[in-house]
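Here are some short exercises to work through with the model open beside you. Try each task before reading its solution.

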Amino acid sequence: MAAGDAGGMHLAQLNVAHLLAPLDTPQLADFVALLEPVNTLSDAAPGFVWRLKGGDDPTDTVRHDYGDDLVINFSVWESRETLWNFVYRSRHLAVLQRRREWFQRIAEPYSVMWWVPEGELPDLAEGMARLARLRAGGPGPEAFTFKEFHDFQEPVISA
């Protein structure tokens, strides 16, 4: 397999955001109203594989033990290109550009990516561990960002 060819691998991504107010407040009403259309858009996007859902209602957020003000988005995509196209070349971009209305600014990384074998779905604990790894050690093959992306590389097995 050539460098950069992720045959048999998919791209997992996790991003987190700290809310400026509780989800049921008027300050977050636009964000909550956009959850259903953005989730519908992602689920139908070319290259979309899976996303962690908070429940059956399209506006449900992911429940977790990492703090009530933390919103989590966690998904798997066929490739960097398909994720990039959803994030930056779809109607999702207009929502992303409004993030300062709803979320705190944070100085540390809030998004992480890594490769997973096709057909395997990572769990939230792994995603949070990958984000912690990125925050502690910077980007590398196990935890990276769009800006400092790492193509999948087959491990070299020495004889």
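Helices here are DSSP runs of H or I with at least four residues, strands are runs of E with at least two, and both are numbered from the N terminus. Keep in mind that this is a predicted model.

**Exercise 1. Confidence**

Task: Find the mean pLDDT of the protein chain, and locate the stretch where the pLDDT is below 50.

Solution.
- Step 1: The chain averages a pLDDT of 90, with 92% of the residues at 70 or more.
- Step 2: The stretch below 50 is residues 1-5. Beyond near neighbours in sequence, residues 1-5 have nine contacts in the model.

**Exercise 2. Overall build**

Task: List the secondary structure elements of the protein chain in order, then compare its radius of gyration with that of a compact globule.

Solution.
- Step 1: Count the elements, and you should get five helices and four strands.
- Step 2: Read from the N terminus, and the order is β-α-β-β-α-α-α-β-α.
- Step 3: A compact globule of 159 residues would have a radius of gyration near 15 Å; the chain has 16 Å, so the two agree.
- Step 4: Along the principal axes, the C-alpha atoms fill a box of roughly 60 × 35 × 25 Å.
- Step 5: Of the 159 residues, 38% are buried.
- Step 6: Take the contacts with a separation of 6 or more: 75% of them are between residues 24 or more positions apart.

**Exercise 3. The annotated span**

Task: Which residues does the UniProt annotation "domain: DUF3291" cover, and how far apart are the end C-alpha atoms of that span?

Solution.
- Step 1: According to the unreviewed UniProt entry, the annotation covers residues 11-148.
- Step 2: In the model, the end C-alpha atoms of residues 11-148 lie 14 Å apart.
- Step 3: Helix accounts for 36% of this span and strand for 20%.

**Exercise 4. Assembling the sheet**

Task: Work out the strand order of the sheet and name its edge strands.

Solution.
- Step 1: Begin with strand 1, residues 9-18, which is joined to strand 4 by seven bridges in the antiparallel sense. His10, for instance, stands opposite Val116 in strand 4.
- Step 2: Strand 1 also pairs with strand 3, again antiparallel, over eight bridges.
- Step 3: Leu11 shows both pairings, with Trp77 opposite in strand 3 and Trp115 as its bridge partner in strand 4.
- Step 4: Put together, the four strands form an open antiparallel sheet in the order 2-3-1-4.
- Step 5: The edges are strand 2 (48-51) and strand 4 (111-117), each of which pairs on one side only. From one strand to the next, the twist averages 25°.
- Step 6: As background, strands of a sheet pair through backbone hydrogen bonds, either parallel or antiparallel.

**Exercise 5. Inside strand 1**

Task: Decide whether Gln13 is buried or exposed, and list its contacts beyond four places in sequence.

Solution.
- Step 1: Place Gln13 in strand 1.
- Step 2: Buried means under 20% relative accessible area. Gln13 has 6%, so it counts as buried.
- Step 3: Its contacts are Asn73, Phe74, Ser75, Trp77, Leu83, Ser111, Val112 and Met113.
- Step 4: Across 109 residues of sequence, the C-alpha atoms of Gln13 and Pro122 are 9.8 Å apart.
- Step 5: Now widen the view to strand 1 itself: eight of its 10 residues are buried, so the rest of the structure largely encloses it. Strand 4 is mostly covered too, with five of its seven residues buried.

**Exercise 6. Helix 1 over the sheet**

Task: Which strands does helix 1 lie across, and what do Asn39 and Ser42 touch?

Solution.
- Step 1: Helix 1 (residues 29-44) lies across strand 2 and strand 3 (70-77), at about 140° to strand 2.
- Step 2: Asn39 belongs to helix 1 and is buried, with a relative accessible area of 12%. Setting aside neighbours within four places, Asn39 is in contact with Arg51 and Pro58.
- Step 3: Ser42 is also in helix 1, and its 5% relative accessibility makes it buried. With residues up to four places away left out, Ser42 touches Phe48, Arg51, Trp77 and Phe86.

Note on methods:
Residues are numbered from 1 along each chain as its sequence is written. This is a predicted model: local features need pLDDT of at least 70, side-chain atom pairs count only at pLDDT 80 or more; totals for chains, interfaces and linings use all residues. Side-chain values use heavy atoms; hydrogens and water are left out. UniProt positions are given in the numbering used here, feature names are shortened, and annotations may be inferred rather than shown by experiment. pLDDT is the predictor's confidence in each residue, from 0 to 100. Contact means heavy atoms within 4.5 Å. Two strands pair if DSSP finds at least two bridges between them. Axes are lines fitted to C-alpha atoms, for helices over the stretch in contact, and angles run from 0 to 180 degrees between N-to-C directions. Buried means under 20% relative accessible area, exposed over 50%, partly exposed in between (1.4 Å probe, protein chains only). The radius of gyration is taken over C-alpha atoms; the globule rule is 2.2 Å times the number of residues to the power 0.38.
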